[in-house]
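Student: I have a new structure open and would like to learn how to read it. Could you walk me through it, one feature at a time?

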Amino acid sequence: MKKTLFSLIFVLASFALFGFEVVPLAGKAPPMDGKFDPGDWMGALELENFNKMDGREPAKEKTVLRFLRDPENLYVAAVLENEDVPALMKKEAADRNMEPWRLNGIEMFFGEKSFSQIVFDYMGRLYKNFDDPLFTKVNHRKDAIVFRCAIPLRLIPRMNVSGKMTKANFYRKSASGVSSWRRNDNRNFLDMTQTGILLFDTPENILSDAASESLRRIDLLEASDCLGHESAAGLKARIGDMKKENRKKMDRDEDLLASLEAFRSLQKEISDAQLLKMKEKYGAQKLPLLAAGDVRDSIPEVWRPVKIAGRDYWYMFIMLGIDELEKAGLMEVPLLRNAMFFVRWGQPGVNEFLPPDGKNYKILQKYGNPFAVKTLDQYDIPKERAARPEFKAMFDRAFMEKFYATYGDRFIGFLDDEAFISDTGVFVRSLKHFNLPEPKNRDEAWNAFAKLYRMQSETVPDYAPFRNLANMSAYTRDHVGNAAATQLNHLVHRLGDKISGNENGDVMGATAPKVAFARGAARQYGRPWRNYQTYYGWCYLNVPRGGMRCATKSSGPWISSVEKLLTPDCRATAYCHLDGLKVGLGLERQKATFLYPYLGGVGVWNSEADLEEMTSVYDADTIGQVDPLVVNLRDQKLYLSPMAKINAHFYDNIVRKRDRGVSVTPVALVWDRAHGYLPLYFGGRVWDFFNPNELEKTMWALDNHLFRRNKENASYSTSRYGDIFDVITNDAGQNILDAYKVVYPVGDVTLDQPFARRLTEYVRNGGTLVLNAALLKKYGDAFPAGFLGCTLTNGTGTSPATYSLIDQTVIPENSPYSYGKVSLSGSAKVLAVTTDPAQAPAILANDYGKGRVLVTTPENMKVAGSMNEMLNLFDHLMANIRTHVLEIKVDTPMQYAVNRNKTGWIVYLQNNFGVPPSGGLYLKTYPTTDTSKTAEATITIPGSTGKVSKIIDWWTGKEMPFKTTKLFGRGDTILKTTLAGGDCCALEFIME
């Protein structure tokens with residue numbers, strides 16, 4: 001009872017920010033044509049209290065929204081007053097090249113984790129994140145714009161507590177900025193945590209519906225022999241009592257929420273009663289999900305990090321200010337002395353690369369380090385720039401041949417960061433520039449992308465489709481390596497890049513799934529990947545200008561200038577702007593940026609801030625003890641910054657001393673080769689052109705569900721199953737597939753004959769393949785007879801829950817799911833059944849060769865329409881897979897990953913609780929990690945894997961105490977540890 005009461009209090013508290021608004025039922029639908037007449041909207045719900053987006057003061061311009069509904073549609077009228085319409089319309093021609101959401105207008109969001117978005121700009125152009133048509137109308141007055149639309153109710157996602165409630169927020173864009181109906185502190189339009197709630201019926205009717213739905217479910221389960229008669233009678237009596245109680249109080253929003261939550265809690269009681277009946281019906285025997293044993297317990301060779309220039313890990317820094325670094329003795333620091341150099345192609349000049357007197361040549365000859373070139377990252381190239389030597393050199397065959405002959409294998413390639421797309425609309429603009437037709441599907445989009453990528457020019461072009469200009473020259477094209485801030489790794493490898501990369505940081509999207517993409521692509525193509533770390537997520541201090549990097553001096557290490565370092569605050573925020581130690585990623589978070597990619601198998605690591613973060617003109621450890629006037633009068637000298645000291649500690653004590661081994665990722669998630677899934681650039685669209693179909697929505701849903709984003713900062717994410725996943729594509733070869741214990745095609749993956757044959761061989765060799773009936777309907781003939789263990793039918797059904805014979809549990813869902821019906825063949829085993837009257841297979845297993853095929857029948861294993869949530873049944877399936885595929889047990893709410901080396905295991909833990917919120921410009925407080933938000937982990941190394949002799953914390957080098965059980969055989973090793981908020985660690989379990 002205490003737990004239920006606490007849960008209810010928590011639910012009510014979580015709704016404290018919301019206000020309920022009832023949308024009235026229209027006598028007749030308001031007209032969507034002609035002039036707008038307020039008289040047509042009599043009795044409508046009116047919302048007009050708009051404030052600036054952060055909610056701190058009223059909006060300057062008045063906005064009035066009106067809402068009515070009927071059984072099919074929600075009708076909306078938005079009146080945007082105080083607009084200078086004639087002035088806006090003069091900009092119409094120029095603004096038509098801009099996306100609607102960037103212009104004056106109205107933006108509407110309905111839903112929560114899955115939402116519908118509707119945008120009108122002042123011209124009346126419409127953007128929506130769904131394909132279904134809308135009835136719309138725009139009217140212009142001299143000082144106001146009126147938008148009207150009819151939104152089918154089926155397109156509006158509902159809340160879990162009721163199908164007649166939706167979260168909503170509305171944004172007005174005008175000359176004075178952005179205002180909103182409900183405040184949005186994060187200034188993120190997609191953030192649905194601070195919204196209002198619209199009711200599509202009266203509270204009394206909504207409660208009555210909740211009671212009726214519970215009664216209907218009980219009747220259905222009882223009729224299908226999934227619930228005993230006595231249990232059904234008791235539950236119905238409970239509902240009767242709840243209805244009487246609800247009639248007594250319904251004065252506040254909290255009362256409605258409490259009553260609805262009580263009906264949700266009742267579902268658990270229904271499931272418990274149902275479980276008793278199902279156990280009685282199906283018996284006590286538990287069925288294994290996966291086949292017994294696994295023929296591939298050793299670490300696959302294709303998982304080992306690929307070497308580049310003789311090593312599998314390099315720290316990279318820009319080769320500038322070497323003279324100053326040498327004078328300060330910093331080039332003797334192993335981190336810098338042993339690094340890969342990153343050389344800017346145009347600075348100090350391309351001829352400086354050539355013997356005998358080139359400045360870059362002399363430095364590169366002196367140190368002998370491998371190096372890469374930072375290319376000329378531009379789209380538009382004016383004639384005056386095209387004439388510069390650094391541009392012309394890339395298209396000069398003689399120059400490039402001399403360059404390659406000089407450096408040979410020491411030259412790694414022409415690298416660029418965020419080289420592709422770099423913003424929504426760039427892909428579209430490039431297609432238009434080169435007069436390429438707009439793609440009609442994702443395969444055409446992929447071919448268009450490849451055509452742009454392969455474009456070459458004999459001379460410096462006036463426009464480049466991608467920022468890495470080296471792509472366009474025949475003399476540099478074979479040496480490119482492009483990084484991106486999203487999931488493009490497989491695509492660039494498929495096109496020939498010698499190295500791929502990710503851009504990670506606190507405003508660059510979730511790191512964990514991007515590492516899964518980068519690692520999977522590197523393994524699939526046998527090439528290395530690079531981690532490009534950004535630090536510009538935060539800009540604190542309210543000042544007129546400033547950079548976004550964690551620099552400790554104003555203009556880089558090659559320029560001496562400390563005239564503004566007199567005050568303690570300026571020491572921390574060099575040059576009195578935003579380039580200091582208190583800006584960007586906190587020092588306590590730095591070690592995660594090294595440890596996590598390193599254990600993930602990264603080949604090259606470099607920072608956007610680079611030497612600006614690595615060096616300081618004062619010793620940060622002693623500066624507070626020195627008179628600031630003396631500091632500014634004495635000779636200049638560079639020191640390692642605190643961030644560099646952390647980096648050097650990592651390099652000296654971990655990279656040089658520890659064996660990272662191999663990242664253990666036994667589950668391969670398969671994306672289609674032409675997936676077009678680039679959420680940071682394209683949001684919820686495929687290739688920035690298409691709204692995803694239901695199959696394709698699974699890519700978003702699985703990513704967002706599997707790697708749960710941190711609420712405060714979505715760049716941090718946690719998988720409850722650990723980072724046991726690689727992302728590969730359907731181009732993966734047989735040796736790649738065979739490296740994984742489980743292969744799981746995600747979304748609309750093309751099961752063409754070559755790929756289907758490889759999957760068949762994979763199962764025959766001992767692998768477990770998970771296929772969904774919705775995908776199989778498209779490719780029903782892809783596999784040989786007897787492979788699936790079932791035949792697909794045209795029948796469908798709907799079930800509120802699933803009964804699992806794997807562990808004899810009932811898995812309820814927040815709403816019923818649709819499933820495809822199958823007929824069994826051969827010796828296939830049913831592992832889970834639906835709980836509707838059909839009690840049809842929900843999961844079935846068919847042994848084939850040494851392996852097993854699992855067929856799941858719930859459509860896509862996700863919540864219908866959602867791009868965020870998978871079914872609870874998916875979690876049940878994944879939890880059982882996790883138990884089977886990895887011997888080590890890690891019980892923790894933290895993010896974790898597992899590596900295997902020659903002598904044992906490494907477990908990485910990262911506490912994402914307490915990390916600072918996502919970036920914001922010019923805030924007045926510094927980012928701080930809440931170290932009080934501790935989290936615990938219990939790690940168990942089964943005795944069957946060997947005996948642990950000691951456990952070492954990599955960062956401190958200290959041994960950690962542990963326990964060994966004495967109950968069975970050699971005993972299990974158990975380690976319990978606690979991490980402060982925002983902290984991370986790598987723990988090595990060394991076996992005897």
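Tutor: Gladly! Let us begin with the surface: the accessible surface of the chain comes to about 40300 Å², and 51% of it belongs to carbon and sulfur atoms. Please keep in mind that this is a predicted model.

Student: What share of the 992 residues in the chain is buried?

Tutor: Buried residues make up 59% of them. As for secondary structure, the chain holds 27 helices and 45 strands.

Student: How do contacts between residues spread along the sequence?

Tutor: Take the contacts between residues at least 6 apart in sequence: 72% of these join residues at least 24 apart. Glu 326 gives you one pair to look up, since its C-alpha atom and that of Leu 638 are separated by 9.6 Å, while the two residues are 312 apart along the chain.

Student: Is Glu 326 buried, partly exposed or exposed?

Tutor: Glu 326 counts as partly exposed because its relative accessibility is 28%, and buried would mean under 20%. You will find Glu 326 in helix α7, residues 322–327. Leaving aside residues up to four places away in sequence, Glu 326 touches Met 331, Lys 366 and Tyr 367.

Student: Which residues touch the most other members of the largest nonpolar core?

Tutor: The general idea comes before the case. In soluble globular proteins, nonpolar side chains tend to be buried together. Here the largest nonpolar core has 240 residues, and Trp 345, Trp 687 and Leu 909 touch the most other members. Helix α6, residues 253–282, gives the most to this core, with 9 residues. Apart from that core lies another one, of 35 residues, with Phe 110, Phe 120, Phe 147 and Phe 170 among them.

Student: How many aromatic pairs are there?

Tutor: The count comes to 54. One of the pairs is Phe 411 with Phe 414, which is edge-to-face, with 5.0 Å centre to centre and 70 degrees between the planes. Both Phe 411 and Phe 414 are buried. Rings can also gather in a group: Tyr 313, Tyr 315, Phe 317, Phe 341, Tyr 367, Phe 594, Tyr 598, Trp 605 and Phe 650 form one aromatic cluster.

Student: Where does the charged end of Arg 311 sit?

Tutor: The charged end of Arg 311 sits over the ring of Trp 314, 3.5 Å from its centre. You can look for a similar arrangement at Arg 182, whose charged end sits over the ring of Trp 181, 4.2 Å from the ring centre.

Student: Now to strands. How do I read the way they pair?

Tutor: Strands of a sheet pair through backbone hydrogen bonds, either parallel or antiparallel. Strand β14 (314–318) is a good one to start with. β14 joins strand β22, residues 604–607, through 3 bridges, and the two run parallel. Within that pairing, Tyr 315 has Trp 605 as its bridge partner. β14 also pairs with β15 in the parallel sense over 3 bridges, and there Ile 318 stands opposite Phe 342.

Student: Why is β14 described as largely enclosed by the rest of the structure?

Tutor: Because 5 of the 5 residues of β14 are buried. Trp 314, Met 316 and Ile 318 point one way, whereas Tyr 315 and Phe 317 point the other way, and all are buried.

Student: What does antiparallel pairing look like here?

Tutor: Try the open sheet of 5 strands with the order β25-β38-β39-β45-β42, where the pairing is antiparallel. Its edge strands are β25 (662–663) and β42 (948–953), each of which pairs on one side only. Between β25 and β38 (residues 895–900) there are 2 bridges, and Val 662 stands opposite Arg 900.

Student: Which backbone details should I look up?

Tutor: Look for cis peptide bonds in the loop between β15 and α9. One joins Gln 347 and Pro 348, with omega about 5 degrees, and Pro 348 lies in that loop. Another joins Pro 355 and Pro 356, again with omega about 5 degrees, and Pro 356 is found in that loop too.

Student: And where can I find a positive phi in a residue that is not a glycine?

Tutor: Ala 309 has a positive phi of about 55 degrees and lies in the loop between α6 and β14. Ala 309 is partly exposed, with a relative accessible area of 39%. Gln 839 has a positive phi of about 45 degrees and is found in the loop between β34 and β35. Gln 839 counts as buried because its relative accessible area is 13%.

How values were computed: Residues numbered from 1 in each chain as written. Predicted model: local features only at pLDDT ≥ 70, side-chain atom pairs only at ≥ 80, totals over all residues. Heavy atoms only, no water. Core = buried A, V, L, I, M, F, W, Y, C linked by side-chain atoms within 4.5 Å. Buried < 20%, exposed > 50% of the residue type's maximum accessible area, 1.4 Å probe, protein only. Helix = DSSP H or I, 4+ residues; strand = E, 2+ residues; numbered from the N terminus. Phe/Tyr/Trp six-rings, centres within 6.5 Å; stacked < 30°, edge-to-face > 60°. Lys NZ or Arg CZ within 6 Å of the ring centre and 35° of its normal. Contact = heavy atoms within 4.5 Å. Pairing = 2+ DSSP bridges. Areas by Shrake-Rupley, 256 points an atom, 1.4 Å probe, with all protein chains shown as cover.
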